[in-house]
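Student: Please take me closely through a single part of this model, and follow its neighbours outward from there. I would like each cut-off stated where its term comes up.

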Amino acid sequence: MERDCAIVTGGARGIGREIALALAEAGYAIVVNYAKSAEDAQRLVRDIESKGGQALAVQADVSDFTQAASLIDQAIKAFGGIYILVNNAGITRDGLIMRMSEADYSAVIATNLNGAFNCTRHASAHMVRAHRGRILNIASVAGVMGNAGQSNYAASKGGMIGLTKAVARELAPRSITVNAIAPGLVETEMTQQLSDAAREKLLAQVPLKRMGSSKEIAQLALFLCSDAAAYITGQTICIDGGMTMH
Ligand code: NAP
């Protein structure tokens, strides 16, 4: 059986891993992109294959335009096309604006925002030719409401939301949907870096009074990639325990 292909950037760990697993269970062939976590990526490929799925691990730094092109090419070579692109790869380099180095600002923009652009830029041509596709950008509530100490991260995630809307308008005539998910506080290695005080302060802003799980994010991703979500495009869905309410 020929399966549609889904690429998950930064798919070896955290939220990306859960999205990759959910899409694999739904029957997609998964390209697990990673930058550094080769062992995690290979383990995930084996997990997916052991459940009867298909997967391939591909190393690429998505902040690099050429490596992003190679990631897309390898996916097409392996699975014959791309139906879903999940731009999940992301980093933080927190600090107050007055002390933030140019390097920390640029690194976050390069991975989070330029990475999403690079992969979308290369994948969209294939989706346009196929007249079908789903692009999902993993943004953050920081890009919606800001967060002190995260000007670089908030700028990158706010940029992803703008990118989502512009690309959604461009690709809608080909029935390709482009949406963003803006998670709040989710239990992963990224949030394990927070101090107890910072975590308590953030949790105090969450009406549901708990952190979210990667599985909860993955279920929303799965829905937005499904046929049931064919009429949703250009949207940013906050999944944050009620932290942001519009
Ligand atoms: P995580 O556990 O730190 O995982 C980050 C992932 O990004 C890793 O798989 C990492 O791969 C990948 N990555 C980093 N730089 C990369 C690059 N240059 N090229 C390719 N992959 C790269 O973080 P997470 O919490 O799962 O976050 C996933 C996404 O959700 C991020 O975009 C993050 O901003 C967003 N998010 C998270 C939260 C949260 O509370 N956790 C909230 C809102 C939004 P390697 O290990 O191979 O480097």
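Tutor: N33 is a residue of strand β2, which covers residues 29–34; strands here are DSSP E runs of at least two residues, helices are H or I runs of at least four, and both are numbered from the N terminus. The model is predicted, so that local features are taken at pLDDT of at least 70 and side-chain atom pairs at pLDDT 80 or more, while totals for chains, interfaces and linings use all residues. Residues are numbered from 1 along each chain as its sequence is written, and side-chain values rest on heavy atoms, with hydrogens and water left out.

N33 counts as buried because its relative accessibility is 2% (buried is under 20% relative accessible area, exposed over 50% and partly exposed in between, with a 1.4 Å probe and protein chains only). Its side chain reaches the backbone nitrogen of G10 at 3.0 Å, which fits the definition of a polar contact as a pair of N or O atoms within 3.5 Å, where within protein one atom must be able to donate a hydrogen and the other to accept it, and residues adjacent in sequence count only through two side-chain atoms. Apart from neighbours within four places in sequence, N33 is in contact (heavy atoms within 4.5 Å) with V8, T9, G10, G11, A12, V58, Q59, A60, V62 and L71.

One of these partners, T9, sits in the loop between β1 (5–8) and α1 (14–25), and T9 is buried because its relative accessibility is 1%. A polar atom of the T9 side chain lies 2.9 Å from the backbone nitrogen of A89. With neighbours within four places in sequence set aside, the residues touching T9 include N33, L71, N88, A89 and C119.

L71 and C119 lead on to a pair of helices, since both belong to the contact of α3 with α4 described next. The axes of helix α3 (residues 65–79) and helix α4 (residues 102–130) come within 8 Å and cross at roughly 35 degrees; axes are lines fitted to C-alpha atoms over the stretch in contact, and angles between N-to-C directions run from 0 to 180 degrees. This crossing is right-handed, the near helix being turned clockwise from the far one by less than a right angle. On the α3 side the contact is made by F65, A68, A69, L71, I72 and I76, and on the α4 side by F117, N118, C119, R121, H122, A123 and H126. These residues divide into nine nonpolar, three polar and one charged (Ala, Val, Leu, Ile, Met, Phe, Trp, Tyr, Cys and Pro are nonpolar, Asp, Glu, Lys and Arg charged, the others, Gly among them, polar).

N88, another partner of T9, leads to the ligand: of the 30 residues around it, K36, S37, N88, Y153 and T188 come nearest, a residue being near when one of its heavy atoms lies within 4 Å. Polar side-chain atoms of S37 and of Y153 each lie 2.5 Å from an oxygen atom of the ligand, whereas G90 places a backbone N or O atom 3.4 Å from a ligand oxygen.

N88 also has its C-alpha atom 11 Å from that of A182, although the two are 94 residues apart along the chain. A182 belongs to strand β6 (residues 176–183) and is buried because its relative accessibility is 0%.
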